[in-house]
Amino acid sequence: MCQQQLHCSISPCDRWSWCLPVKWFMLGRGLKRKLSDYEENMAGLSSAFDSSRNLTYPLKRQLVLNMCLTKLQTYKMLVEPDLHRSVLIANTVRQIQEEMRQETSQQPVNVCNGLGLHSQNYTGVDSAGISAQLLSGVNQQESNCCDSRSAEEPIENGLLMVSDDDMSSAISSILKDLDFMEDISPPTCLVPAGDDQPKSPENVGLKLEDDRQELKGAECVFGSFEISNSTSYLKDLAIDDIFEDIDTSMYDSDFCCPPQMPSRVPSATTEETLKTFPTCNSSSTNSIQICRTDLSELDHIMEILVGS
Amino acid sequence: MPFSLSQPSRSRNPAPSKPGPHSSQPGFNSVSKYFMSARGRCPQSQHVEEAGVFPEGHTGCSAREPRQHLSPSQSRLTGALPAQDSGSSPAARWPPCSGGAGGEPTRVPSPPPPGVAGGAGGGNDFQWCFSQVKGAIDEDVAEADIISTVEFNYSGDLLATGDKGGRVVIFQREQENKSRPHSRGEYNVYSTFQSHEPEFDYLKSLEIEEKINKIRWLPQQNAAHFLLSTNDKTIKLWKISERDKRAEGYNLKDEDGRLRDPFRITALRVPILKPMDLMVEASPRRIFANAHTYHINSISVNSDHETYLSADDLRINLWHLEITDRSFNIVDIKPANMEELTEVITAAEFHPHHCNVFVYSSSKGTIRLCDMRSSALCDRHSKFFEEPEDPSSRSFFSEIISSISDVKFSHSGRYMMTRDYLSVKVWDLNMENRPVETYQVHEYLRSKLCSLYENDCIFDKFECCWNGSDSAIMTGSYNNFFRMFDRNTRRDITLEASRESSKPRAILKPRKVCTGGKRKKDEISVDSLDFNKKILHTAWHPTENIIAVAATNNLYIFQDKIN
C-alpha cells in the first residue's frame, strides 16, 4: 500500500462559508498528500458513486462511510462544530455500521474475502487507504482482537473489521462526552466512560482526559460541544498526578465552594436550573471550576510544601 | 410662530390598525396566564405553592419540576375567563388570542375566515417582473454582506434583511406615485443598524458569530416598529422610530448645546417644535441572552403578541417580551446521555391563531405539534407528523435529505409547510400520517447526492414561504433559481435572480433544468449548475404579489406585472 500524504490545514474563517468554494480538508495521522490530488480523487469518487459506475454496493457503502468519518474528523478540529451536521453524519455512520454488522453476522467469511477481492481490483481508492490509516490509529490504541486479523488480510478488510468495533465505541464517545460546561443538571447526566458517582472532582477531570486520549483517533465530536478543545490545556497539565497521594479531602469543603460561587454567577452558559450551588463532591460541577479549584488547591499545597 | 405640522412625504405614522380579523374572536386569555406567579398559582389545578415547592398530590403541572417561572403579566394571570379581563387595559392593547372552544387540547378547530384579504391568486396566473435589486455588484463578495434572513412586516410596508456581519437593513415601501401609475411603490432604505456584534465566550474560548439567523417583526401597535433579531445565542428586541421634529428655544441650553448660565437668563420662552430631516432611529429595547447553550435556529412571535419562542438544536424556550432575565423551557430533547442523541430540533413556529399551539421540526423529517395547555414541559407532543419512508428511494443519504430545514404555518392556520432538501410538503394539521401535497423542488439532484454530500451542499438549509392567500408557495434552489408552486392549478415555475434579467419591469423568463438526454435551447444542464449561488431565503408580501429573494449578497425584489 503506497504511502500517500495528506496535507491538512483549516483556516478559521472557512467555517461553513456559503459563498467561498468549499475546501475539502482531511486529517491524517502523519500522512501528507497534495490537496489538489486528493480533491480530484474524491471528486472522482463522488461522481463515480453518483453515476453508479463500477461500484458495487459494498464499495459505495465503504466510500460513504469513509467520507462520513473524514468529515467527523474534520469537525473535531473545529472550535465549534455544527451539532446538526454531526448528528446527521453520526446517524449515517451508525446505519452503515448496523448494516455491515448484520452482513458480517450472516456471512462472516464471505463478505471479507469478497470485499478484499473487489477492493484490490478497484483503482484509485486512495480514500480507503487513507481511512484505513485513520482508523488503524484507533485500532492500535484500542488494541483489540482485530489487530491480528487485519495484518493478514488486505487493508480494506482491516478497515471493515476495525470499523465495526472501533466505531461503536467511537460513536459512543462522539455523543457522550463532557457536559461540564453545560447544564448543572442531575449527576446522571454527567457520567464519564464507565465512571461511578463518588469520584472526586479532580479525578473526574483526569479520567475524562484519559478517555479522550484513548479515543483520540475517533470522532469525539459531540464532546466538543460542551467543552471546547481549548480547555483541554487545563486538563493536559495533569498536575494532579504528582499530588495524587496527598490527601486533600480537608480542603475540598473549604475550597470548592467559595471559588465556585463568584464564578458561577457571571457564567454565561448556565441557563436553566434554579438549584442552589452544587455540593463540592457532586460530579455535576463545572469542569473549569474543577480545574480552577484544583489549581488553587495546588497553590495552597505548594505553599505548604515549600513552607513559605 | 405658527406651529408647523408639515411632514416630509416619506414619513408616515399610520395609526395602529385594529387587530386583524384572526384575533378578533373571543377566546382564551393570553398564554401568559399559564406562567406561574411568584406566589405560585397553578392555573390548571389552582393549587397554591410557595416559591418553587409544590404541595403533595399536585398533579396539575408537568411531572418535571418547573425550573423557571415568569412573573405574572399583571392582571392577566388568574385563569379567569376572558370576559372578566376585557375591561383592563392590557387586554385592550393585546387582543385575546382565539382559542379552541374547550374540549381536548389537541383538537384543532375549523379555521377562521381567511385572514388576509386581497392578493392575486396563485403564482402563475400572471407574470413576474423585475423590480429592484439591492446590494453590490462586485464579483468578490465580502462574507459579511451575505444576506442571512429576509422578512416582510405585517403590513408589507417594511422589509427587513439581516446579514452575516450582524447588520439589519430595513427597506420601506414608498408611497405610490400618482404620476407613475405603472410602478408600484419601490422599497428604499429606511434604516440600517448593527444588531449584533461578534462576541467571545471566554469560558469556552469560542467566538459567537454575529450572523443574524432570524428576524421577526412584531405587530405594530403605535408609531414605532418593533422587531426581534437573533444570532446564535442572543435575541434582541429593536425599536425603530422616526423623528422628524426637534425642539428649539431651550432656556438652559444654547442652540449648539452649551449650557447657559442660569443667572444670565432674563426672560423665559417656550421651546418650539420645528421640523427637521427625517431621522430613523433604532434602539435595542430588550436583550434576551444566556438562555441557549446551542445555536438558535428559530424565533417565533406568538399570536398573543406578548410572548415568543426561541429554539436551538435541543431546546425551545418561551419568553415574555417584557422580561429578559428569565425564560421558560418548554421543550427539551437533550438525552440524559449525549451518546443517545440522534435527533435535533431544526425549526419551530407558533400557530398563527392559537397561542397555545406550536410546532417544531426535527432532523429526522418529523414534525411535532405541542399544546402548551397540556403540560408545562411539552416534551410529549400532541400530534406527530411523519411520512413513511418510500423504500424504493432509500439511499445512504436518505436521513440527511429528510432533515427539515424550515416549517411555516399557512396564514389560515389550517396547513403547515415543511422544506427538506429535495422537496416541499404541505401538511394538513388534522392528518398526521402523510402530507397532503408534496412538491419536488429539484429532484434532479437526487442522483448527485454523493457529490453534494462531499461538498457539504447537502446540509444547506432552504426556507420556504406562503403567499398571502395560501394559494402559492415559494422556495429557493441553486444557481440562483427559485421555484413557485401554485397549489390550485398545480403549476410550477422556475425563475432566476440574476443581474442579466435586471432591467426595470423586465419580465422574468421561466428557466428549466435539463435532467438528461438532449439539452434544449435555454435549458441548463445539471452539471453546469452553480452550487455556490444558492437562494436560501425568500419572502412574500403578506397581501400583494411582491417577493423578496436573497441571492448571496443581493436582494432582488420582483412583483407581478401590472396590466
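**Strand pairing in chain B and the helices of chain A**

In strand 4 of chain B, Val169(B) is the bridge partner of Thr161(B). The model is a predicted one. The pairing of strand 3 with strand 4 (residues 167–173) of chain B is antiparallel and extends over five bridges. These two strands of chain B make a hairpin, with three residues between them. Within this turn, Gly166(B) has a positive phi of about 85°.

On the N-terminal side, strand 3 of chain B is joined to strand 2 (residues 147–152) of chain B by five bridges, and the two run antiparallel. Here Phe152(B) has Leu159(B) in strand 3 as its bridge partner. Strands 2 and 3 of chain B also form a hairpin, in this case with five residues between them. The turn includes Gly156(B), with a positive phi of about 85°.

Strand 3 of chain B covers residues 158–163, and six of its six residues are buried. A residue counts as buried when its relative accessible area is under 20%. In a regular strand, side chains alternate between the two faces of the sheet. In strand 3 of chain B, one side carries Leu158(B), Ala160(B) and Gly162(B), and the other carries Leu159(B), Thr161(B) and Asp163(B). Both faces are covered, as the residues on either side are all buried. Thr161(B), the bridge partner of Val169(B), is thus one of the buried residues of this strand.

A further group of strands in chain B forms an open sheet of four strands, in the order 1-32-31-30, with antiparallel pairing. Strand 1 (128–134) and strand 30 (537–540) of chain B stand at the edges; each has a single partner strand, so one side of each is left without a neighbour in the sheet. On average, neighbouring strands of this sheet are turned by 20° against each other, with direction ignored. Strand 30 of chain B is joined by four bridges to strand 31 (residues 546–551) of chain B, and these two strands run antiparallel. Opposite Ala539(B) stands Ala548(B), in strand 31 of chain B.

Chain A contains 12 helices and zero strands. From the N terminus on, its elements are α throughout. Of the 308 residues in chain A, 52% are buried. Among contacts in chain A with a separation of 6 or more, 78% are between residues 24 or more positions apart. Chain A exposes about 13900 Å², of which carbon and sulfur atoms supply 56%.

Notes:
Residues are numbered from 1 along each chain as its sequence is written. Chains are lettered from A and ligands numbered from 1 in the order in which they are written. This is a predicted model: local features need pLDDT of at least 70, side-chain atom pairs count only at pLDDT 80 or more; totals for chains, interfaces and linings use all residues. Side-chain values use heavy atoms; hydrogens and water are left out. Two strands pair if DSSP finds at least two bridges between them. Axes are lines fitted to C-alpha atoms, for helices over the stretch in contact, and angles run from 0 to 180 degrees between N-to-C directions. Buried means under 20% relative accessible area, exposed over 50%, partly exposed in between (1.4 Å probe, protein chains only). Contact means heavy atoms within 4.5 Å. Accessible areas come from the Shrake-Rupley method with a 1.4 Å probe; for residues, only the protein chains shown count as cover.
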